[in-house]
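Here are a few notes to help you find your way around this one. Have a look at the structure, then read on.

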Amino acid sequence: MSRRNDVIKFFQKVCDDPTLQEQLKPPCPSTREGFAGVAQTSGYNISGADLDNYVRFAQFYEQCQTAIARHQAGEKPLPQWLNEWEKHLQRFEENPLDDRYDTIKRFI
């Protein structure tokens with residue numbers, strides 16, 4: 001199984017497992033190392049580099065922690081947020097120079 005598939009399976013598990021969600025929330029560092037540590041203690045052979053290759057942007061980790069909190073508060077399902085992130089990555093891959101709209105929307 002590829003590392004990418006391992007990362008996908010890890011995030012699918014996170015969506016269904018409140019214990020993993022709690023482990024990924026602060027005080028877990030919002031970094032690739034913090035998330036990789038949780039993945040490794042959960043039995044996934046994933047490094048920080050594997051996560052970075054999948055999520056592509058450093059701001060993912062902090063935004064994921066916020067998405068987990070919103071999910072647990074009943075505001076927005078975590079799987080929906082992860083699907084939106086994947087769509088963002090697909091749009092970025094299709095046209096890397098046209099990321100302004102998503103970036104502006106995200107930070108305003």
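1. A term to start with: a residue counts as buried when its relative accessible area is under 20%. Keep in mind that the model is a predicted one. Phe 35 has a relative accessible area of 0%, so Phe 35 is buried. Tyr 61, at 2% relative accessibility, counts as buried too.

2. Now put those two together. Aromatic pairs come to 11 in this model. In the one made by Phe 35 and Tyr 61, the ring centres sit 5.1 Å apart with the planes at 70°; because planes over 60 degrees apart count as edge-to-face, that is what this pair is. Phe 35 belongs to helix H3 and Tyr 61 to helix H5, so the pair links distant parts of the chain, 26 residues apart.

3. Next, try Phe 57 and Trp 85. Their rings are also edge-to-face, with 6.2 Å from centre to centre and 85° between the planes. Phe 57 is in the loop between H4 and H5, whereas Trp 85 is in helix H6, so this pair ties together parts 28 residues apart in sequence. Both residues are buried.

4. Zoom out a little: these four rings are part of one aromatic cluster, which also includes Phe 10, Tyr 44 and Trp 81.

5. What about the largest nonpolar core? It has 28 residues, and among those touching the most other members are Phe 10, Phe 35, Leu 51 and Leu 78. Helices H1 to H6 each supply at least two residues, and H6 gives the most, with six.

6. Finally, Leu 78. Beyond its neighbours within four places in sequence, Leu 78 contacts Val 14, Cys 15, Gln 21, Ala 67, Ile 68 and His 71.

Terms used
Residues are numbered from 1 along each chain as its sequence is written. This is a predicted model: local features need pLDDT of at least 70, side-chain atom pairs count only at pLDDT 80 or more; totals for chains, interfaces and linings use all residues. Side-chain values use heavy atoms; hydrogens and water are left out. A nonpolar core is a set of buried Ala, Val, Leu, Ile, Met, Phe, Trp, Tyr and Cys residues joined through side-chain atoms within 4.5 Å. Buried means under 20% relative accessible area, exposed over 50%, partly exposed in between (1.4 Å probe, protein chains only). Helices (H or I, at least four residues) and strands (E, at least two) are DSSP runs, numbered from the N terminus. Contact means heavy atoms within 4.5 Å. Rings of Phe, Tyr and Trp (its six-membered ring) pair if their centres lie within 6.5 Å; planes under 30 degrees apart count as stacked, over 60 as edge-to-face and the rest as tilted.
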